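User: I'm new to reading protein models and would like to go through one with you, feature by feature. Could we take it slowly?

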Amino acid sequence: MITPIKLFLFPVQTKSKKTLARPGVKNIVLVEGVRTPFLLSGTTYADLMPHDLARAALQGLLSRTGLSKDAVEYIIYGTVIQEVKTSNVAREAALGAGFSDKIPAHTVTMACISSNQAMTTGVGLIAAGQCDSIVAGGVEFMSDVPIRHSRKMRKIMLSLNKAKSLGQRLSLIGGIRMAHLAPELPAVAEFSTAETMGHSADRLAAAFGVSRVEQDEFALRSHSLAKKAQDDGLLRDVIAFKVPGRDIVSKDNGIRPSSMEQLAKLKAAFIKPHGTVTAANSSFLTDGASAVLIMSEEKALAMGFKPKAYLRDFVYVSQDPKDQLLLGPAYSTPKVLERAGLSVSDIDVFEFHEAFAGQIMANMKALDSDWFAQTYMGRKSKVGAPSMDKFNLWGGSLSLGHPFGATGCRLVTTVAHRLQKEGGQYGLVAACAAGGLGHAMVIEAYPQ
């Protein structure tokens, strides 16, 4: 068996693997992928709106590719917490970026895999022959989320709007109580279970025996690798963005390597006092946007582009949102490998979404468990956990940040760039999402 080290030193060996191209099936390629710097919410982007970030990503894509503004046939964006003024943020961002007003655009939402859904929706349009070129992306803006009046207060305000006389208005106003003025704050919690995601992550870590030390070690690894990748200029998908009234932003600002001693000082964030999930081993609230150009291979070559990668098999999964909320990768990885006819050892590059360090470690343990495979997936045996020598080597959501709607495009673009850099042939993206959802995709390097 070829070890990961040898694979890295002699990338020519990976080229002997079979291609995943299939007779009669269109080859669909990633031409380019970009993103704004991912910033901690409440920092430099604080005075913007979501469509401003999405527009910046789209303009960055146009600039990097030299693409004509009427050359794509469809635009799809993913987002989670919608700004009510721009509910179809894909359309508003596209118009703002200068794309032709003749290009249709729609917005999808699927929690943390929203931009994955945007991309695969585009893949479906190309595969069906509806389009040859699409732009997909995602955006999230946590610096300014919609905060609603209470339900009772909203009812009074709507009734006031319909009141026909001064007496009716005064009667309604007289019914307002102090309790009615308490706002409804959004929470990263499951509607079906009322449990916050952090609480669920803590329970999941406990169920799989993931210790606090293991979680802190993984978080430290993520930040350290992200810092190295940033310093080495490997995060090529990041575009500089001139924030109106502020400076030019060109780097992610959540990358903060620390030490195990510093991480150990933090208290439990969700299950207090004995929980193991802390602010440092969780992903942080992030503002950011991403965009990718996806085409049929034939169209890309005809337009003079050199694709980065082939987008191959993908799957979506769902499971119990109470006890298996964050196990999407454990369910989706075996399924997508099976569809592609590959094994874990065939994959050269892994990029998993890091919602929480405990979530990543729990998924690793599930993938490496015959009991989990047999009990929950109806499989004869485990597929095995990815080698850490291939896993999230340029950092991940814990360190780079996680704008809910934008992370999927970052994962796919990073796989393409790592395959080019490391000489691998196959990459695998996997992610969990609220609602007990999950996604995985196999990506194949484009011949250099």
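Analyst: Let's start with one residue, Ala434. Its relative accessibility is 23%, so Ala434 counts as partly exposed. Keep in mind that this is a predicted model.

User: Where does Ala434 sit along the chain?

Analyst: Ala434 is in the loop between strand E11 (426-433) and strand E12 (437-445).

User: And which residues does Ala434 touch, leaving aside neighbours within four places in sequence?

Analyst: Ala434 is in contact with Ala111, Glu190, Met197 and Leu325, once those sequence neighbours are set aside. You can also check a distance: the C-alpha atoms of Ala434 and Asp144 are separated by 21 Å, and these two residues are 290 apart along the chain.

User: Now the empty spaces. How do I read those?

Analyst: Here's the general idea. Rolling a probe the size of a water molecule over the atoms shows where empty space is left. In this model, the largest pocket holds about 1,100 Å³ of space. It is lined by 33 residues, and the closest to its centre are Ile81, Pro186, Ala187, Val188 and Ala189.

User: What classes of residue line the largest pocket?

Analyst: Its lining has 23 nonpolar, seven polar and three charged residues.

User: How many cavities of 30 Å³ or more are there?

Analyst: The search of the whole structure finds three. The largest cavity has a volume of about 50 Å³. Among its lining residues are Ala330, Pro334, Phe372, Met377 and Arg379. Helix H11 (328-340), helix H12 (357-367) and helix H13 (370-377) are the elements that give two or more residues to this lining.

User: Which helix gives the most to the lining of the largest cavity?

Analyst: That's H13, with three residues. By class, the lining of the largest cavity divides into eight nonpolar, two polar and two charged residues.

User: You mentioned H12. Is it mostly covered or mostly open?

Analyst: H12 is mostly covered, with ten of its eleven residues buried. The buried ones include Gln359, Ile360, Met361 and Asn363. Ala366 and Leu367 are buried residues of H12 too, and both also line the largest cavity.

User: What about nonpolar cores? Which residues have the most contacts inside the largest one?

Analyst: The largest nonpolar core has 41 residues, and those with the most contacts inside it are Tyr45, Leu58, Ile75, Tyr77, Phe99 and Leu293. Several elements each supply at least two residues of this core, including helix H2 (50-65), strand E3 (74-78) and strand E8 (286-296). H2 gives the largest share, seven residues.

User: Can we zoom in on Leu293?

Analyst: Sure. Leaving aside neighbours within four places in sequence, the contacts of Leu293 include Val29, Leu61, Ile134 and Phe305. Apart from the largest core lies another core, of 37 residues, among them Tyr74, Leu125, Cys131 and Ala433.

User: Last topic: salt bridges. What should I look for?

Analyst: Side chains of opposite charge can pair when their charged atoms come close. The search of the whole structure finds 22 salt bridges. In one of them, Asp132 pairs with Lys26, and the closest N and O atoms are 3.9 Å apart. This pair links distant parts of the chain: Asp132 is in the loop between helix H4 (114-127) and E5, while Lys26 is in the loop between helix H1 (4-9) and E1, 106 residues apart.

User: Are Asp132 and Lys26 buried or exposed?

Analyst: Asp132 is partly exposed, at 29% relative accessibility, and Lys26 is partly exposed at 38%.

User: What does a salt bridge inside one helix look like?

Analyst: An α-helix has 3.6 residues a turn, so residues three or four places apart point the same way. Here, Arg212 and Asp216 both lie in helix H8 (residues 212-231), four residues apart, or about one turn of the helix. Their closest N and O atoms are 2.9 Å apart, and both residues are buried.

User: How about a pair from two separate elements?

Analyst: Try Glu351 and Arg418, whose salt bridge has its closest N and O atoms 2.9 Å apart. Glu351 lies in strand E10 (residues 349-352) and Arg418 in helix H15 (residues 407-422), so the pair ties together parts 67 residues apart in sequence. Glu351 has 0% relative accessibility, so it counts as buried. Arg418 is buried as well, with a relative accessible area of 0%.

User: Which residues are linked in a network of salt bridges?

Analyst: Arg22, Asp313 and Arg339 are linked that way.

Methods. Residues numbered from 1 in each chain as written. Predicted model: local features only at pLDDT ≥ 70, side-chain atom pairs only at ≥ 80, totals over all residues. Heavy atoms only, no water. 1 Å grid on protein atoms, 1.4 Å probe; cavity = no way out; pocket = protein on both sides within 12 Å on 5 of 7 lines; lining within 4 Å. Points joined across faces, edges and corners; volume = space filled by probe spheres on them. Nonpolar A, V, L, I, M, F, W, Y, C, P; charged D, E, K, R; others polar. Core = buried A, V, L, I, M, F, W, Y, C linked by side-chain atoms within 4.5 Å. Buried < 20%, exposed > 50% of the residue type's maximum accessible area, 1.4 Å probe, protein only. Contact = heavy atoms within 4.5 Å. Salt bridge = Lys/Arg side-chain N within 4 Å of Asp/Glu carboxyl O.
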